[in-house]
Amino acid sequence: MSYVDEVMERVIAKNPSEKEFHQAVKEVLDSLRVVIEKNEEKFRKDALLERITEPERVISFRVPWVDDKGQVQVNRGFRVQFSSAIGPYKGGLRLHPSVNQGIIKFLGFEQIFKNSLTGLPIGGGKGGADFDPKGKSDREIMAFCQSFMTELFKYIGKDTDVPAGDIGVGGREIGYLYGQYKRLTGLYEGVLTGKGLTYGGSLARTEATGYGLVYITSEMLKANGMELAGKTVVISGSGNVAIYAAQKATQLGAKVVTMSDSNGYVYDPEGIDLALVKEIKEVKRGRIKEYAEAKPSAKYTEGKGVWTVPCDIALPCATQNELDLDDAKALKANGCFAVAEGANMPSTREATDFFLESGMLFMPGKAANAGGVATSALEMSQNSQRMSWTFEEVDAKLHQIMVDIFKKVDEASKKYGLEKNYVAGANIAGFEKVVEAMNAQGIV
């Protein structure tokens, strides 16, 4: 049995119920076979794959808080500190009922390679809780965040572990978390990113993941003799990533015709009105169906189906495993030729394989949505220097980082005879840097 297969068996045996983690590890290791088989004897002797698939630290804790009715609620919190080989742990906090240890480990594992691709000194980590912020008052959100940070603060710091936001964690939640960290430690330091501009946040951080997604999509198209201008784009989701991907794609001359949430999706053949989406989602915190109620040109459809809308380019920006094999086939049948992932692992393994086998251009999330964490690292740099850069400065740095990521991914795929397989290219480019750092630091 090959070393890759041995390690995969071991990962499943040691983490039997963590299917998302299994999926992430298998996707990475399968695409790394060409690299691992060239170094199998050394990697096996050093247990390199065992070390890279086992987190350095997994922290699990209870989070008690009191709701508006005076009832005590208890949630479960997590922080997985996966790899510090190239820098302090860096990765978001997710608040969603689906959160469990397996999902956090999958996200943390992906984060190792994503962070490596940015070229910045940040390791891989992730965290969160099975708390649902939907329908909660500001006071309840604050009570939860303060209780969560009362435990988490023991394990983080500006040179140790720097969390950020993710699903369910925006500016409001980061503010409450940061206030409690400062209260507990007495330290005013860049321990969280995604902060407000009045207390150490970075301009362009809100836009970064969506903008970065479009920047790398544009580079992928250019490398294949195409351009974004004039293309029809289907986007899933209506949160931060989706909104700013739609904004940047529109600025670059594309037409975005869909957005969605967990209830359904809207299709507007005239092009999505972003001001209306922002009003519904960021101000009213409403549902996407309200868009169709306000826009006669739009149609709302309950449930799945956003991937049946004809398009040139698809940008999944909602959540993991939202795009399956049937969706991938529908996209191809309706004229889609390029897919780039704005969310973390939104395409199932079967869908990813179909994209690659059918000759569609496909950029995986660990490269395509790295703009968010890259700009978080730029926020860390500004905090360390006690400086604030302009929006244009941060955006220019982000654009260059995404151009460089595409170049690394493209070159790695060509180096191993896998040209245009950007899944393999992203994994190989991220992996090689981490391995070099691990080898230099010894068996730790």
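1. Which residues does Phe337 touch, not counting residues up to four places away in sequence? The contacts are Leu221, Met226, Lys231, Asp312, Ile313, Met360 and Leu361. Keep in mind that this is a predicted model. Phe337 sits in the loop between helix 12 (325–333) and strand 11 (338–340). Its relative accessibility is 23%, so Phe337 counts as partly exposed. One contact deserves a second look. Phe337 and Met360 are 23 residues apart in sequence, yet their C-alpha atoms are 5.0 Å apart in space.

2. Next, the core. The largest nonpolar core holds 102 residues. Leu49, Met363 and Phe431 touch the most other members. Helix 17 (residues 422–441) gives the most to this core, with ten residues. Apart from this core lies another one, of 24 residues. Its members include Phe61, Phe131, Cys145 and Tyr199.

3. Take Met363 by itself. Leaving out residues up to four places away in sequence, Met363 touches Ile216, Met220, Val339, Ala340, Glu341, Ala368, Phe406, Val409 and Tyr422. Find Glu341 in that list and remember the name. Glu341 also helps line the largest cavity.

4. Now the empty space inside. How many cavities of 30 Å³ or more does the structure hold? The count is one. About 120 Å³ of space lies in the largest cavity. Its lining has 14 residues. The closest to the centre are Glu27, Glu341, Met345, Ser347 and Thr352. Helix 2 (19–36), helix 13 (349–357) and helix 14 (365–368) each supply at least two residues of the lining. By type, the lining divides into four nonpolar, five polar and five charged residues.

5. Turn to an open site. The second largest pocket has about 240 Å³ of space. It is lined by 15 residues, and the closest to its centre are Lys158, Asp159, Met380, Ser381 and Ser384. Seven lining residues are nonpolar, four are polar and four are charged.

6. Two of those pocket residues pair up. Lys158 and Asp159 form a salt bridge, with the closest N and O atoms 3.0 Å apart. Are the two partners buried or exposed? Asp159 has a relative accessible area of 61%, so Asp159 is exposed. Lys158 has 38%, so Lys158 is partly exposed. The cut-off for exposed is over 50%.

7. Salt bridges appear elsewhere too. The count comes to 31. One of them joins the side chains of Lys126 and Asp166, at 3.3 Å from N to O. This pair links distant parts of the chain, 40 residues apart. Lys126 is in strand 4 (residues 123–129). Asp166 is in the loop between strand 5 (161–165) and helix 7 (171–185). Why does Lys126 count as buried? Its relative accessibility is 3%, and buried means under 20%.

8. Another salt bridge spans a longer stretch of sequence, as its residue numbers show. The side chains of Lys195 and Glu379 meet at 2.7 Å, N to O. Lys195 lies in the loop between helix 7 and helix 8 (205–223), and Glu379 lies in helix 15 (residues 371–385), so the pair ties together parts that are 184 residues apart in sequence. Both partners are buried.

9. Some charged residues form a group. Which residues are linked in a network of salt bridges? The members are Asp5, Lys26, Asp30, Arg33, Arg349 and Asp353.

10. Last, check the backbone at two places. Ala204 has a phi near 75°, a positive value in a residue other than glycine. Ala204 is found in the loop between helix 7 and helix 8, the loop that also holds Lys195. At 5% relative accessibility, Ala204 counts as buried. Arg285 also has a positive phi, of about 55°, although it is not a glycine. Arg285 is in the loop between helix 10 (274–283) and helix 11 (289–294). Is Arg285 buried or exposed? Its relative accessible area is 58%, so Arg285 is exposed.

Technical notes:
Residues are numbered from 1 along each chain as its sequence is written. This is a predicted model: local features need pLDDT of at least 70, side-chain atom pairs count only at pLDDT 80 or more; totals for chains, interfaces and linings use all residues. Side-chain values use heavy atoms; hydrogens and water are left out. A nonpolar core is a set of buried Ala, Val, Leu, Ile, Met, Phe, Trp, Tyr and Cys residues joined through side-chain atoms within 4.5 Å. Buried means under 20% relative accessible area, exposed over 50%, partly exposed in between (1.4 Å probe, protein chains only). Helices (H or I, at least four residues) and strands (E, at least two) are DSSP runs, numbered from the N terminus. Contact means heavy atoms within 4.5 Å. On a 1 Å grid over the protein atoms alone, a cavity is a set of points where a 1.4 Å probe fits but cannot get out, and a pocket is an open set with protein on both sides within 12 Å along at least five of seven lines; lining residues have an atom within 4 Å of a point. Grid points are joined across faces, edges and corners, and a volume is the space filled by probe spheres set on the points. Ala, Val, Leu, Ile, Met, Phe, Trp, Tyr, Cys and Pro count as nonpolar, Asp, Glu, Lys and Arg as charged, and the others, Gly among them, as polar. A salt bridge is a side-chain nitrogen of Lys or Arg within 4 Å of a carboxyl oxygen of Asp or Glu.
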